[in-house]
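Visitor: I would like to learn how to read a structure like this one. Please show it, and we can go feature by feature.

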Amino acid sequence: MRPERRRRPTARQQALLGDLEALFLAEGFAVFTLDDLAGRLRCSKSTLYALAPSKEQLAVKVVTRFFRGAAERIEERIAGIDDAPKLIGEYLAGVAEHLNRASAAFMRDLAEFGPAREAYQLNSRFAATRLRQFIDKGVADGVFRDVHARLVAEMTGLIIEGIQTGVLAQRTDVSDADAFTALGELLLGGLNK
C-alpha cells in the first residue's frame, strides 16, 4: 500500500487559511462552528473540510500556520545581523509585533485548547533556543558580560514558558507581547557590559 501524499493547498485554500488566521487572531476560534466559519468566509463546509477534517483540527492548522509564519518573518528580520544585542532586540521586537496581532480572545482560546497550545509551546521552545544561541554569541564575541550564559539562557526559557502558559499575564496583567518586550529590556540591560 502506498503512503498517502499530502497535497499542497491550492491558491484558494491558502487564501482561506489567511482569512481564517485573520479572523481567529481578531476574535478567537472557540466560539465558531464550521457553519459560522463557512458563512463568514462565504464558502461551503465541504471547502473547510478539505482544509481539515474537523473544526478542532482546522483551529490547530491555522494556529500552527500563524506561528510558523511569524517564526519565518522573524528569522528574515534578523538575517544578516551579526551583533548579539541587536539580534536579541530585533528578535524579541519581532515576537512582540506578531503577538500584538493576537486578540485577548485568541490568546484565551489558545491557552484553553491543548492541541493549539502545543503549537505555541513548540514556538516558545524554539524562541528560547534562538535566544540561548544569541546569548552564547554575545559572550563569545565579548559584547556581553562573562555571565553563566547557559544559566541566563535557561532562566530566559523559564520566562518564555511563563509567558506562553499565561502565568505571567495572570500575575502581572500584561499581554504576551508586552512581556516579550520587557524580556528584551531585561536581557539586554543585564547582559551588556
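Visitor: Is R125 buried or exposed?

Guide: Start with the cut-offs: buried means under 20% relative accessible area, exposed over 50%, and partly exposed in between, with a 1.4 Å probe and protein chains only. R125 has a relative accessible area of 52%, so this residue is exposed. Some ground rules. This is a predicted model, in which local features need pLDDT of at least 70 and side-chain atom pairs count only at pLDDT 80 or more, while totals for chains, interfaces and linings use all residues. Residues are numbered from 1 along each chain as its sequence is written, and side-chain values use heavy atoms, with hydrogens and water left out.

Visitor: Where does R125 sit, and how far is I160 in space?

Guide: Helices are DSSP runs of H or I, at least four residues; strands are runs of E, at least two; both are numbered from the N terminus. R125 belongs to helix 7. Its C-alpha is 8.0 Å from that of I160, although 35 residues separate them in sequence.

Visitor: How many helices and strands does the chain have?

Guide: The count is 10 helices and zero strands. Of the 193 residues, 42% are buried.

Visitor: What span should helix 4 have?

Guide: The expected span of a helix is 1.5 Å times one less than its number of residues. Helix 4 has 24 residues, so 34 Å is expected; the end C-alpha atoms are 35 Å apart, which agrees. After helix 4 comes G80, with a positive phi near 85°.

Visitor: Which residues of helix 4 are buried, and what covers them?

Guide: Among them are K55, L58, F66, G69 and I78. For cover, use contact: heavy atoms within 4.5 Å. The cover includes helix 1, helix 2, helix 3, helix 5, helix 6 and helix 7.

Visitor: What is the nearest side chain of opposite charge to K55?

Guide: Lys and Arg count as positive, Asp and Glu as negative; His and the chain ends are not counted. A salt bridge needs a side-chain nitrogen of Lys or Arg within 4 Å of a carboxyl oxygen of Asp or Glu. The nearest candidate for K55 is E56, 5.3 Å away; K55 is buried and has no salt bridge.

Visitor: What lies around K55, then?

Guide: Setting aside neighbours within four places in sequence, K55 contacts F29, A30, F32, T33 and L34. A polar atom of the K55 side chain lies 3.5 Å from the backbone oxygen of F29.

Methods. A polar contact is a pair of N or O atoms within 3.5 Å; within protein, one must be able to donate a hydrogen and the other to accept it, and residues adjacent in sequence count only if both atoms are side-chain atoms.
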